[in-house]
Amino acid sequence: MSGNPKKSMDDLVAELRNRKDHLRQGGGPDRLAKQKEQGKLTARERVSTLLDPDSFEEFGLFAQHRQVHFGMAGKEVPADGVVTGAGSIDGRLVHLASQDFTVLGGSAGEVHSNKVADVMEQALHTGSPFIFINDSGGARVQEGIDSLSGYGRVFYTNVQLSGAVPQISLICGPCAGGAAYSPALTDFIIQTRQSQMFITGPQVIKQVTGEVITSEALGGPDAHMSLSGVTHFIAENDEEALYLCRRLLSFLPANNLEDPPRIPTENNVDPNPELARIVPVEPKQGYDIRNVICGIVDQGDFLEVQEGYARNVVVGFARILGRSVGVIANQPSVLSGVLDVNASTKASRFIRFCNAFNIPLITFVDVPGFLPGVKQEHDGIIRHGAKMLFAYSAATVPKIQVILRKSYGGAHLAMCSKDLGADRVFAWPTAEVAVMGAEGAVEIVFRKEMQEAQDKSARRAELIEQYRSTFSSPYVSAGRGLVDDIIEPADTRRHLAQALEYLHAKREVRPPKKHGLIPL
């Protein structure tokens with residue numbers, strides 16, 4: 001009988017191992033070395049750094065494109081430029097995709113995008129978070145419309161996952177053109193110092209407008225943190241980005257049907273007298289609200305989100321007796337803590353995320369109102385401010401409000417008042433709840449009386465105190481049932497811990513409807 005003998009099982013296994021080893025080299029040793037020279041981890045190093053040891057199961061290692069034009073016929077593209085699969089973080093299942101810049105610049109073709117969408121669907125089916133590590137030059141131009149179609153499937157799947165499982169994007173290199181819209185559809189974006197993200201690059205902008213701008217100034221992390229509000233966290237390098245991703249996930253449930261994980265902690269609700277010294281009694285004196293937050297939450301551990309954007313409001317994650325909470329707070333050290341267009345949008349988006357994933361909301365209030373001015377009106381402060389009213393009213397998770405000092409006008413309502421469904425409202429003795437500050441109110445209410453007074457300054461001070469004691473005192477609000485209790489600042493943690501314990505089983509039925517219409 002003629003012909004070559006069949007290979008033995010050992011030969012076949014050896015061939016399989018060689019093929020896998022070759023494919024896992026991505027674009028080859030030279031390109032991998034260049035990636036390292038740029039201070040970046042490779043696609044597979046990012047996966048192994050992020051996941052628990054030996055937990056990664058890869059999908060689609062042998063996937064290949066089917067393009068035959070523009071030099072692509074027979075061209076090997078290892079894993080089609082993206083590593084996809086499942087693994088665990090702190091023992092909890094996640095699904096992920098990591099683009100490989102060493103393979104055709106990480107460009108996204110049809111198969112590349114289908115791999116990403118497939119693993120996203122696996123995340124949805126298993127109720128596990130999805131993490132997308134972006135490092136790509138954009139669409140694979142050699143594949144034309146097929147590349148765009150692949151993007152479309154990824155975007156569609158992003159929306160299917162939205163509100164069902166957490167989605168986190170890491171931008172560890174270029175993220176250009178249509179590729180930027182997938183991160184924008186996810187819940188959180190972590191951007192490294194080495195990365196840029198934009199729809200139209202500097203060359204296109206120069207051709208169209210004549211404006212000269214660098215990639216860093218256009219789409220670097222500082223631009224997207226402080227100006228556009230696209231980025232939620234900035235990391236100095238890949239390692240820090242991966243650490244931030246793990247830390248963020250520790251606060252979150254795996255999906256919308258679960259509660260966030262509760263970690264073991266000391267049952268410590270001892271009074272903290274320092275809180276009373278952090279917040280000045282004088283309502284116009286500034287302070288850093290983060291000192292108050294850290295003085296209340298477990299171990300002072302507060303993960304602030306969008307730290308550099310709309311800094312007049314602070315949002316982030318913390319724990320109280322091991323329970324995850326979402327914190328929203330006015331920042332009196334920036335614009336006196338007023339609400340403006342950007343702050344309203346920042347807070348509203350965070351509120352809606354927490355509500356989708358069963359994370360209780362704690363709101364610390366020290367707000368003089370909405371920011372006045374022609375620009376704010378023309379930029380849509382009415383529409384954007386209404387987002388906060390909508391977000392808090394629509395939220396069904398436990399909602400706790402703590403009024404520290406000022407709580408004036410419409411901003412008092414927008415910061416989760418009793419009328420917007422707060423389950424508990426606590427006030428410090430320094431709290432003032434009113435339509436406006438006493439100083440401004442007396443100018444309207446008592447203008448004629450002050451004009452006729454012989455000692456106008458003394459009479460004004462007297463009327464201010466009269467208005468404050470009549471309308472602004474927390475005891476007035478408590479008497480109306482709009483404040484549940486007036487508490488000592490030192491005991492705030494104890495009251496919050498008890499309220500969270502009692503509200504843990506909260507259930508709230510809303511009218512049946514497809515969805516509400518937030519004023520976007």
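**Exercise 1. Work out how methionine 9 sits at the surface, and what it helps to build.**

Start with the number: methionine 9 has 58% relative accessibility, so it counts as exposed (exposed is over 50% relative accessible area, buried under 20%, partly exposed in between, with a 1.4 Å probe and protein chains only). Next, place it: methionine 9 belongs to helix α1, residues 9-23 (a helix is a DSSP run of H or I, at least four residues, numbered from the N terminus). Then look at its partners: Met9, Leu12 and Val13 make a nonpolar surface patch of about 270 Å².

A quick note on the source: this is a predicted model, where local features need pLDDT of at least 70 and side-chain atom pairs count only at pLDDT 80 or more. Residues are numbered from 1 along each chain, and side-chain values use heavy atoms, leaving out hydrogens and water.

**Exercise 2. Find how many disulfides the whole structure has, then check cysteines 172 and 294.**

The search turns up zero disulfides (a disulfide is a pair of cysteine sulfur atoms within 2.5 Å). Take cysteine 172: its closest cysteine sulfur, in cysteine 245, is 9.6 Å away, so that's too far for a bond. Cysteine 172 is also buried, at 0% relative accessible area. Now cysteine 294: the closest cysteine sulfur is 17 Å off, in cysteine 354, again too far for a bond. At 33% relative accessibility, cysteine 294 is partly exposed.

**Exercise 3. Compare the reach of helix α21 with its expected span, and list some buried residues.**

Helix α21 covers residues 492-503, twelve in total. From first C-alpha to last it reaches 16 Å, close to the 16 Å expected at 1.5 Å a residue (expected span is 1.5 Å times one less than the number of residues). Its buried residues include Leu496, Leu500 and Leu503.

Definitions and conventions. Helices (H or I, at least four residues) and strands (E, at least two) are DSSP runs, numbered from the N terminus. Patches are made of residues with over 30% relative accessible area and no salt bridge: like charges are joined within 9 Å, nonpolar side chains (Val, Leu, Ile, Met, Phe, Trp, Tyr) within 5 Å. Accessible areas come from the Shrake-Rupley method with a 1.4 Å probe; for residues, only the protein chains shown count as cover. A salt bridge is a side-chain nitrogen of Lys or Arg within 4 Å of a carboxyl oxygen of Asp or Glu.
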